[in-house]
Amino acid sequence: MEETYLLNVEGVKKKILHGGQGELPKLQDGSKITFHFQTLKDDFERTVIDDSREAGIPMEIIVGKMFKLEIWETLLSSMRAGEVAEFWCDAIHTGMYALVSRGMRRIAEGRDPLEGQKHRCGMGNMFDYHSTGYDDLDELQRTPQPLIFIMELFRVEEPSAYKRDTWAMSKEEKLAAVPVLHREGNRLVLRKEFGQAAEKYQEAVICLRNLQAKEKPWEDGWLKLENLVTPLVLNYCQCQLELGEYYEVLEHTTELLQKHNDNAKAYFKRAKAHAAVWNEREAREDFQRVAHLDPSMAAAVKKELKQLGERMRKKHVEDRKRYQGLFQPPRG
């Protein structure tokens, strides 16, 4: 079936190549749209610029999350599930395509889509780039032109129908997700599934850090979120200790102590990580800080220091034997 008609949008034409089923989707903020797309030049050869099928993974966008090519939401809202349609879009709608395509290509190549990008609005970034790194996109960036999009709509999912990535959540959704993730992490710890528990704690921390980024450091809103972050980071570090990821623990506890230098639990976990990687002096210093900051932990510190001393003595004996063997003259 072929039907050409104008959408009720200036500078857009639509041709249905294959009819879909059901009603038109009712899009709302947070809806996830899954589709394949092909981008063509409006020239005699209909030169292909991008094709999501080459990557083998359909494209996904979240409605209302400021996807840089806003016209795509409009095009997809006119399609039914299973429909394949061709859209001609004037240059007034395609000026940002070079930047969008650059990001998608970087993701497909396993690279950071924001690498080197300045923290400015999309249009400002366009003028900052001397090159996108792709010749065909540089041409589009220099001379915006009409483009053709061929789209196949697979499905539209309501916000409650799928597990949403952290970045796609609203502020209220992030705050609601944190205690749920915290409880899931604790449950997994009890089952000694430390790797999965660490992922839950980490996801909760990411939610809170995203919210913190919108607050002024050390003001009330920022401090309230920081008070939620701290125990999650400590739980994450405990999981990493159980998994033997000691340098990961050193990194996160040190970062935490730079902001909260009176946190005895952070010193305790950092001391255990230092001890595990044979940093005896640093471990002893941190254990001593723990006993000073929290006398109730003195017994635990005494036990750890005793174990540390025994491990270090054993290591010194083994090292002496090893070095003696290196310098003994060969027999015969």
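Is Phe149 buried or exposed? Phe149 is buried, with a relative accessible area of 0%. Keep in mind that this is a predicted model, and that every value below was computed from it.

## The aromatic cluster

Phe149 is a good place to start, since ring pairs link it with Phe35, Phe37, Trp72 and Tyr97 into a cluster. Across the whole structure, a search finds eight aromatic pairs. One of them joins Trp72 and Tyr97, whose ring centres are 6.5 Å apart; their planes meet at 55°, so this pair is tilted. It links distant parts of the chain, with Trp72 in helix α2 (residues 71-76) and Tyr97 in helix α4 (residues 97-108), 25 residues apart.

Both partners are out of reach of the probe: Trp72 is buried at a relative accessible area of 0%, and Tyr97 is also buried, at 0%. Trp72 has a second ring partner in Phe149, with centres 5.6 Å apart and planes at 85°, so that pair is edge-to-face. Because Trp72 belongs to helix α2 and Phe149 to strand β7, the contact ties together parts that are 77 residues apart in sequence.

## Strand β3 and its partners

Let us turn to the strands. Phe149 sits in strand β7, and β7 (residues 147-157) runs antiparallel to β3, joined to it by 10 bridges. Strand β3 itself spans residues 32-41 and is mostly covered, with nine of its 10 residues buried. The table sets out its pairings.

| Partner of β3 | Residues of partner | Bridges | Sense |
|---|---|---|---|
| β4 | 48-51 | three | antiparallel |
| β5 | 59-62 | four | antiparallel |
| β7 | 147-157 | 10 | antiparallel |

Individual residues help to place these strands. Leu40 stands opposite Ile148 in β7, and in β4 the bridge partner of Leu40 is Val48. Phe35, a member of the aromatic cluster, has Met59 as its bridge partner in β5. If you follow the side chains along such a strand, a general rule is handy: in a regular strand they alternate between the two faces of the sheet.

Strands β3 and β4 form a hairpin with six residues between them, and in this hairpin Arg46 takes a positive phi near 50°.

## Arg105 and Arg311 over rings

Where does Arg105 lie relative to Tyr134? Arg105 lies over the face of the Tyr134 ring, at 5.0 Å from the ring centre. Arg105 is found in helix α4, the helix that also holds Tyr97. Arg105 is buried, with a relative accessible area of 14%; the cut-off for buried is under 20%. Its side chain also has a polar atom 3.1 Å from the backbone oxygen of Ile49.

A second arginine is placed in a like manner: Arg311 lies over the face of Trp278, at 4.2 Å from the ring centre. Trp278 comes just after helix α11 and takes a positive phi of about 70°, which leads us to that helix.

## Helix α11 and the annotated repeat

The UniProt annotation "repeat: TPR", from an unreviewed entry, covers residues 264-297. In the model this span is 79% helix and 0% strand, and its end C-alpha atoms lie 9 Å apart.

Helix α11 takes in residues 264-276, 13 residues in total, and reaches 18 Å from its first C-alpha to its last, close to the 18 Å expected at 1.5 Å a residue. At its N-terminal end, Asn263 acts as a cap, with a side-chain oxygen 3.2 Å from the backbone nitrogen of Lys265.

How many of the 13 residues of α11 are buried? The count is 10 of the 13, so α11 is largely enclosed by the rest of the structure. Among the buried residues are Ala264, Ala266, Ala271, Ala273 and Ala275, as well as Tyr267, Phe268 and His274. Lys269 and Arg270 are buried too. When looking at the helix, it helps to recall that an α-helix has 3.6 residues a turn, so residues three or four places apart point the same way.

## A contact in helix α7

One last stop is Ala177, found in helix α7 (residues 171-190). Its relative accessibility is 14%, so Ala177 counts as buried. Ala177 and Cys207 are 30 residues apart in sequence, while their C-alpha atoms are 8.0 Å apart in space.

Methods:
Residues are numbered from 1 along each chain as its sequence is written. This is a predicted model: local features need pLDDT of at least 70, side-chain atom pairs count only at pLDDT 80 or more; totals for chains, interfaces and linings use all residues. Side-chain values use heavy atoms; hydrogens and water are left out. UniProt positions are given in the numbering used here, feature names are shortened, and annotations may be inferred rather than shown by experiment. Helices (H or I, at least four residues) and strands (E, at least two) are DSSP runs, numbered from the N terminus. The expected span of a helix is 1.5 Å times one less than its number of residues. Buried means under 20% relative accessible area, exposed over 50%, partly exposed in between (1.4 Å probe, protein chains only). A polar contact is a pair of N or O atoms within 3.5 Å; within protein, one must be able to donate a hydrogen and the other to accept it, and residues adjacent in sequence count only if both atoms are side-chain atoms. Two strands pair if DSSP finds at least two bridges between them. Rings of Phe, Tyr and Trp (its six-membered ring) pair if their centres lie within 6.5 Å; planes under 30 degrees apart count as stacked, over 60 as edge-to-face and the rest as tilted. A charge sits over a ring if NZ of Lys or CZ of Arg is within 6 Å of the ring centre and within 35 degrees of the ring normal.
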